Structures are given as C-alpha cells and as structure tokens.
Amino acid sequence: WAARRLLGCELVSDIGPRVRARIVEVEAYDEHDEASHTFRGQNARNAAMFLGAGHLYVYRSMGIHYCCNVVTGAEGHGAGVLIRAAEPLEGIEEITRRRGREGIGATNGPGKLGQALGADVALSGSSLEDGPITLVMRDPVPDEEIATGVRVGISKAAELPRRFYLRGNPYVSRHHGAPGPRR
C-alpha cells in the first residue's frame with residue numbers, strides 16, 4: 001500500500017521560508033471508492049488525481065481549508081493518499097506564523113497541515129519531485145509501529161480500513177473511534 005509507505009516520509013515546502021514535516025497519518029482513496037473525489041470520474045477539480053504517481057492534489061475543504069494528497073495511481077487511474085497529519089521538523093516559526101498557533105494543534109489535521117505548508121489549489125497537479133512542495137522518501141516504518149483504522153469524517157465507504165497512522169504519535173489528528181470533520 002502506498003499509504004502505509006508514506007508514513008515517516010517528509011513533505012518539504014519551499015513556499016517562503018522552508019517548512020519540513022514528517023508524515024504521521026494518512027488515508028487512502030481511489031476511483032473505485034465511493035468516498036473518493038475520483039469516484040465519478042475526472043473533472044476540473046480532481047484532474048490532478050489522474051496525472052499519475054508523484055503529483056500533488058490539493059482541494060479546498062469546507063470552503064476554507066486546503067488539503068494535500070499524494071497522487072499514487074498510474075496515469076489515468078484516480079488514486080491518492082490524503083495527508084491527515086504531520087510532525088514539524090523544520091520551519092516551526094513559519095508554521096506558527098501561518099497557523100497562528102504552535103505545538104501539536106498546528107499540524108494535526110489535513111486543513112491545518114495544508115495551511116502550515118502554504119498550500120492552495122494553485123499547486124494541484126505540481127510535481128512532488130520538482131516542488132515547490134516536495135516529497136522526501138525515508139525508510140519504511142516497521143509494521144508494528146503502524147495502526148490501521150477506518151477513515152475519519154466521511155459518510156460513504158466509511159467502514160473501509162484505509163487510514164494509517166503512527167502508534168502513539170501526538171500529532172495524529174484522531175485516534176480509533178474518535179469523531180472527526182467531514183471530508
């Protein structure tokens with residue numbers, strides 16, 4: 001699974017002062033999944049999800065939050081991984097400035113993380129190799145350090161175990177059974 005493999009990897013944003021964060025929570029989606037933005041096919045909003053692995057898909061949630069997804073499917077197959085939470089490693093001052101808060105609450109949710117990275121829909125479709133937001137692969141996290149659960153805040157296909165997070169990490173947005181915002 002690409003989603004599990006992204007845990008422990010880093011997102012680096014060079015939008016303004018550098019921000020670097022370790023991915024600690026993700027959710028997987030694909031075009032065969034009723035909860036996915038790609039379930040009904042390609043459109044102007046979700047076109048980046050069909051570009052193929054290694055691209056960024058950014059969407060606006062609830063009219064205010066920008067959420068970042070790593071596109072993981074082959075070109076033409078709408079699949080991606082929502083980055084739900086990350087642990088800041090560099091640029092904490094910039095994260096605090098962008099978010100207006102510091103600590104765990106600055107990056108422990110997908111909209112919070114998008115803001116901390118400086119993401120917006122203009123970045124949707126950009127390469128995660130060329131930036132301005134890049135993905136840095138790290139060694140795989142051992143299976144025993146990964147928890148699996150149902151996705152947070154969705155009403156369709158909510159029972160699918162496609163949410164993965166680092167056990168015990170304080171930056172995880174929701175632990176098993178905790179309610180969350182709708183996607």
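This is a short walk through the fold, the nonpolar cores and a few local features of one protein chain. Please keep in mind that the model is predicted.

I'll start with the overall layout. The protein chain has three helices and eight strands. Reading from the N terminus, the order is α-β-β-β-β-β-α-α-β-β-β. The radius of gyration is 15 Å, and the globule rule gives 16 Å for 183 residues, so the chain is as compact as a globular protein of that length. Along the principal axes, the C-alpha atoms fill a box of roughly 40 × 35 × 35 Å.

Some totals next. Of the 183 residues, 50% are buried. Take the contacts between residues at least 6 apart in sequence: 60% of them join residues at least 24 apart. The chain exposes about 8400 Å², and carbon and sulfur atoms supply 50% of that area. On charge, there are 23 positive and 22 negative ones, and the mean positions of the two sets are 7 Å apart.

Now the interior. In soluble globular proteins, nonpolar side chains tend to be buried together. Here, the largest nonpolar core has 36 residues. Those with the most contacts inside this core are L7, I23, V26, L56, I83, L117 and I133. Several elements supply at least two core residues each, including the helices α1 (2-6) and α3 (110-117) and the strands β2 (19-30), β5 (79-90) and β8 (163-166). Which element gives the largest share? That is β2, with six residues.

V26 is worth a look on your screens. Leaving aside its neighbours within four places in sequence, V26 is in contact with A3 and L7, with V81, L82, I83 and R84, and with R162, R163 and F164. Apart from the largest core there is another one, of nine residues, with M49, Y57, Y59 and C67 among them.

Next, α3. Is this helix enclosed or exposed? Six of its eight residues are buried, so α3 is largely enclosed by the rest of the structure. The buried ones are P110, G111, L113, G114, A116 and L117. They pack against the strands β1 (10-13), β2, β4, β5 and β6, and also against the helix α2. Just after α3 comes G118, with a positive phi of about 80 degrees.

Most residues other than glycine have a negative phi, and most peptide bonds are trans. That second point leads to the loop between α3 and β6 (133-136), where P132 lies. The peptide bond from G131 to P132 is cis, with omega near 20 degrees.

Two more positions, and then I'm done. G103 sits in the loop between α2 (92-99) and α3. With a relative accessible area of 39%, G103 is partly exposed. From G103 to L117 it is 14 residues in sequence and 15 Å in space, C-alpha to C-alpha.

The other position is P170, in the segment after β8. P170 is also partly exposed, at a relative accessible area of 47%. How far apart are P170 and I104, in sequence and in space? They are 66 residues apart in sequence and 6.9 Å apart in space, again C-alpha to C-alpha.

To go back over the main points: the largest nonpolar core has 36 residues, β2 gives the largest share of it, and α3 is largely enclosed, since six of its eight residues are buried.

How values were computed:
Residues numbered from 1 in each chain as written. Predicted model: local features only at pLDDT ≥ 70, side-chain atom pairs only at ≥ 80, totals over all residues. Heavy atoms only, no water. Helix = DSSP H or I, 4+ residues; strand = E, 2+ residues; numbered from the N terminus. Rg over C-alpha atoms; globule rule 2.2 N^0.38 Å. Buried < 20%, exposed > 50% of the residue type's maximum accessible area, 1.4 Å probe, protein only. Contact = heavy atoms within 4.5 Å. Areas by Shrake-Rupley, 256 points an atom, 1.4 Å probe, with all protein chains shown as cover. Lys, Arg positive; Asp, Glu negative; His and termini not counted. Charge placed at Lys NZ, Arg CZ, Asp CG, Glu CD. Core = buried A, V, L, I, M, F, W, Y, C linked by side-chain atoms within 4.5 Å.
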